[in-house]
Amino acid sequence: MFILVVCLLVSVATTAAPKKISFNRDVRAILSENCYTCHGPDANARKVKLRLDVRDEAVKERKGGTFAIVPGEVKESELIYRIMSDDPEERMPPKESRLSLTAKQKSVLKQWVSEGAEYEPHWAYLRPKRYTFCLLYTS
């Protein structure tokens, strides 16, 4: 019985805490679905020189002294300004792309930038992690 109570408490404690945004789990799919068509790895499809799939490119200074992403600085990040903009000329993704971000997706991107905009290698290139699980015994 004691083991069951401990496991439940640990489970509640880990699910109650707000989770840190993971690039692979939370961000990569949003950017891939909505941004990489114009700002991704395909040089022929890229609309401007901005790449959001490569961190060094996404955080470097752009023409005019702006930065697409300023890790930890939501208000300084052009990415956040553009996805939150009400101005159709400024908003990303643009209307003609027929793509749009949900409020949840915008929130995830804001939190990710706020937390430092950490990129991760594609999950297929990461070493698997071993997790420990709580075993429940029934009698």
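How many salt bridges does a search of the whole structure find? The search finds six, and they make a good starting point for a tour of this predicted model. The setting is a chain with six helices and zero strands, so the pattern read along the sequence is simply α-α-α-α-α-α. Of the 139 residues in the chain, buried residues make up 29%.

Side chains of opposite charge can pair when their charged atoms come close. One such pair is made by Asp-26 and Arg-25, whose side chains meet in a salt bridge with an N to O distance of 2.7 Å. The two partners differ in their surroundings: Asp-26 counts as buried because its relative accessibility of 14% falls under 20%, whereas Arg-25, at 48%, counts as partly exposed. Another salt bridge links Glu-57 with Lys-60, and here the closest N and O atoms are 3.2 Å apart. Glu-57 is partly exposed, with a relative accessible area of 25%, and Lys-60 is partly exposed as well, at 38%.

Helix α5 offers a further example. Arg-82 forms a salt bridge with Glu-78, with 3.0 Å between the closest N and O atoms. Both residues lie in this helix, four residues apart, which is about one turn of the helix. Arg-82 counts as partly exposed at 23% relative accessibility, and so does Glu-78 at 24%. The pairing extends to another residue, as salt bridges that share partners join Glu-78, Arg-82 and Glu-90 into one network.

The loop between α5 (78–84) and α6 (103–114) deserves a closer look. Asp-86 lies in this loop and is exposed, with a relative accessible area of 69%. Together with Asp-87, Glu-89 and Glu-96, Asp-86 forms a negative surface patch.

Backbone geometry adds to the picture of the loop. Most residues other than glycine have a negative phi, and most peptide bonds are trans. Against that background, a cis peptide bond joins Met-92 and Pro-93, with omega at about -10°. Pro-93 is found in the loop between α5 and α6, and Arg-98 lies in that loop too. Arg-98 is a residue other than glycine with a positive phi, near 60°, and its relative accessible area of 78% makes it exposed.

A positive phi also appears beyond the helices. Ala-117, found in the segment after α6, has a phi near 50°, again a positive value in a residue other than glycine. Is Ala-117 buried or exposed? With a relative accessible area of 0%, Ala-117 is buried, in contrast to Arg-98, which is exposed.

Aromatic side chains come together as well. The structure holds three aromatic pairs, and one aromatic cluster is formed by Phe-23, Trp-112 and Tyr-119.

Finally, the loop between α3 (36–39) and α4 (55–58) contains Val-54. At 29% relative accessibility, Val-54 counts as partly exposed. Val-54 and Pro-41 are separated by 13 residues in sequence, and their C-alpha atoms are 8.3 Å apart in space.

Conventions:
Residues are numbered from 1 along each chain as its sequence is written. This is a predicted model: local features need pLDDT of at least 70, side-chain atom pairs count only at pLDDT 80 or more; totals for chains, interfaces and linings use all residues. Side-chain values use heavy atoms; hydrogens and water are left out. Patches are made of residues with over 30% relative accessible area and no salt bridge: like charges are joined within 9 Å, nonpolar side chains (Val, Leu, Ile, Met, Phe, Trp, Tyr) within 5 Å. Accessible areas come from the Shrake-Rupley method with a 1.4 Å probe; for residues, only the protein chains shown count as cover. A salt bridge is a side-chain nitrogen of Lys or Arg within 4 Å of a carboxyl oxygen of Asp or Glu. Lys and Arg count as positive and Asp and Glu as negative; His and the chain ends are not counted. The place of a charge is taken as NZ of Lys, CZ of Arg, CG of Asp or CD of Glu. Helices (H or I, at least four residues) and strands (E, at least two) are DSSP runs, numbered from the N terminus. Buried means under 20% relative accessible area, exposed over 50%, partly exposed in between (1.4 Å probe, protein chains only). Rings of Phe, Tyr and Trp (its six-membered ring) pair if their centres lie within 6.5 Å; planes under 30 degrees apart count as stacked, over 60 as edge-to-face and the rest as tilted.
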